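Got your viewer open? Let's take a short tour, one selection at a time.

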Amino acid sequence: MTRQLPAANDPHWLPKTVLSRWQWTLPAGILVAVAFLGNGLSPLIIGKAIDEAIAELNAQRLFTWLGALVVVFAVGMVASWWGRALMNRAILVIGHDLRMEVTDRIQDPRGMGGPRRRTAGELLSIASSDTQKIADAVFMTVFPVAELASIIYVGAVMLTISVPLGIAVFIGGPLLVWVALRAAKPLRKRSAQRQAALARAAAAATDVVQGLRILKGLGAITTVRGRYQSVSDDAYDRTVSANASEARLDAITDTAGFMYIITIAVAAAWLAIGGQISIGDLITAIGLTQFIITPMTMLGKNIASRWAAAQASGARVQEVLCSPFALGQERSTMPATPVGLTVVTGQVPEDIILAPRDRVIVAPHSADLFDGSVLTNIHPDRERALAALHCASAEDIPGGPEREVGENGRNLSGGQRQRVALARAIAADPDLLVLEDPTTAVDSVTEAAISRRVAAHRHGKSTVVFTNAPAWKAVAERVVDSASEVKL
């Protein structure tokens with residue numbers, strides 16, 4: 001499924017993003033509106049049944065109105081189910097599109113520039129938490145339609161009962177929205193602060209986990225714990241502050257809504273006592289006030305809270321998507337590297353990552369493994385994965401190719417992890433394979449076997465190995481001291 005997101009630098013990026021799957025959210029809004037109106041029809045049907053059936057002792061009319069009530073409930077349930085299903089589908093797809101857009105930008109080989117360095121934890125928070133908050137704002141393209149339709153419907157019905165009551169309903173909707181927006185000003189600011197603090201906490205946690213072994217070796221656990229506790233406490237305080245603002249918003253909107261609806265109900269009762277409306281009309285008016293309180297209060301509350309959170313997260317996501325590249329444009333052609341196995345004893349050049357990603361594999365010295373079996377970490381094709389394992393001299397791993405490696409290969413030794421990572425790079429079979437010290441964690445005999453097998457397996461293709469190991473130099477077709485000589 002193709003993505004339908006707007007350009008990252010679009011000034012209306014957030015509303016266009018939440019509306020990007022309008023083919024689902026538009027019918028979802030209509031269906032949810034039908035479900036809301038079905039609930040709103042119930043007081044009207046009950047009022048008519050009282051006036052035309054119970055007051056007149058007409059059993060036929062009573063059963064007619066009861067049948068109408070059953071039909072309205074059935075239609076409402078079906079419309080609600082399909083409307084929510086379409087809305088949830090839009091939320092999931094837009095969330096997926098956003099996550100893929102952000103991760104594509106993060107993984108771009110040209111890197112992320114700009115004045116501020118972003119840690120892995122912060123980027124993880126943006127790619128997960130912030131994108132989800134934006135996707136959740138799709139709710140605002142569906143339910144406000146139903147809430148506005150409900151307010152218009154109740155106002156129109158109230159006009160048929162009493163003109164002043166109808167006018168009061170039409171005035172009350174915008175009034176409650178205005179109250180909610182005024183009350184939500186602190187929430188908008190604190191939502192942004194909460195998201196930033198949570199990102200800092202996630203960044204600190206990720207950095208601690210990644211460097212845990214080094215920190216233990218340095219005896220710096222206490223120092224790091226203190227620093228993490230500081231950012232975690234700040235995130236906690238910011239979250240409590242934002243939640244307190246949201247609670248105040250709920251209290252203000254609910255109180256204003258209840259006071260407003262109680263006023264309308266009392267006015268309707270006064271009109272009934274004066275004989276200006278019937279008992280059935282009074283029941284209808286009371287029922288409609290009970291029905292309309294949720295759409296009225298939720299409309300302003302959702303605009304203030306959900307949209308405020310989406311705006312805060314949207315700014316952070318756009319900042320990542322619009323960040324400048326750290327390096328120049330990605331090359332469209334292959335680097336002019338010699339065919340065969342070349343050993344380079346110099347440093348790995350940074351601009352090697354500018355080569356086309358679909359034709360070049362750069363296997364770093366410390367590669368990450370994923371939770372799963374040895375085979376699933378190498379290649380989906382079993383035969384191809386087994387051939388790569390043989391090339392990397394990794395057939396002797398206890399448990400064989402079905403061995404579970406654990407998170408980041410914790411179930412394997414250092415040499416086993418290194419060989420599995422090497423096998424993964426070999427199985428990709430790129431036009432250019434770049435290896436950085438691929439055998440530092442294995443013994444000399446195994447290193448010699450790996451170098452011979454890689455040279456034979458990659459015969460006729462470009463392979464560059466950055467290492468000082470004699471075993472690789474022995475099988476290399478070319479040994480150079482400077483990376484610039486291979487024009488990477």
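**Stop one: a run of parallel strands**

Select strand 3 together with strand 4 (residues 462-466): the two pair in the parallel sense, and five bridges link them. Keep in mind as you look around that this is a predicted model. To see one spot where these strands meet, click on Leu 432, which stands opposite Ser 462 in strand 4.

Next, add helix 13 (residues 444-457) to your selection. Strand 3, helix 13 and strand 4 make up a β-α-β unit, and it is right-handed.

Now bring in strand 2 (residues 360-363). It runs parallel to strand 3 too, and four bridges join this pair. Pick Ala 363 here and you'll find it opposite Leu 435 in strand 3.

Is strand 3 largely enclosed or open? Color residues 432-436 and check: four of the five are buried, so the strand is largely enclosed by the rest of the structure. "Buried" here means under 20% relative accessible area.

**Stop two: a nonpolar patch on the surface**

Time to head over to helix 2 (22-54) and helix 3 (59-106), each of which supplies at least two residues of a nonpolar patch. Select Trp 22, Leu 26, Ile 30, Val 34, Val 71 and Val 75, and switch on the surface: together they have about 570 Å² of accessible area.

Which helix gives the largest share of the patch? That's helix 2, with four residues. For the other helix, click on Val 71, which sits in helix 3.

Methods. Residues are numbered from 1 along each chain as its sequence is written. This is a predicted model: local features need pLDDT of at least 70, side-chain atom pairs count only at pLDDT 80 or more; totals for chains, interfaces and linings use all residues. Side-chain values use heavy atoms; hydrogens and water are left out. Buried means under 20% relative accessible area, exposed over 50%, partly exposed in between (1.4 Å probe, protein chains only). Two strands pair if DSSP finds at least two bridges between them. A crossover is right-handed if, with the strands pointing away from the viewer, the path from the first strand over the helix to the second runs clockwise. Patches are made of residues with over 30% relative accessible area and no salt bridge: like charges are joined within 9 Å, nonpolar side chains (Val, Leu, Ile, Met, Phe, Trp, Tyr) within 5 Å. Accessible areas come from the Shrake-Rupley method with a 1.4 Å probe; for residues, only the protein chains shown count as cover. A salt bridge is a side-chain nitrogen of Lys or Arg within 4 Å of a carboxyl oxygen of Asp or Glu.
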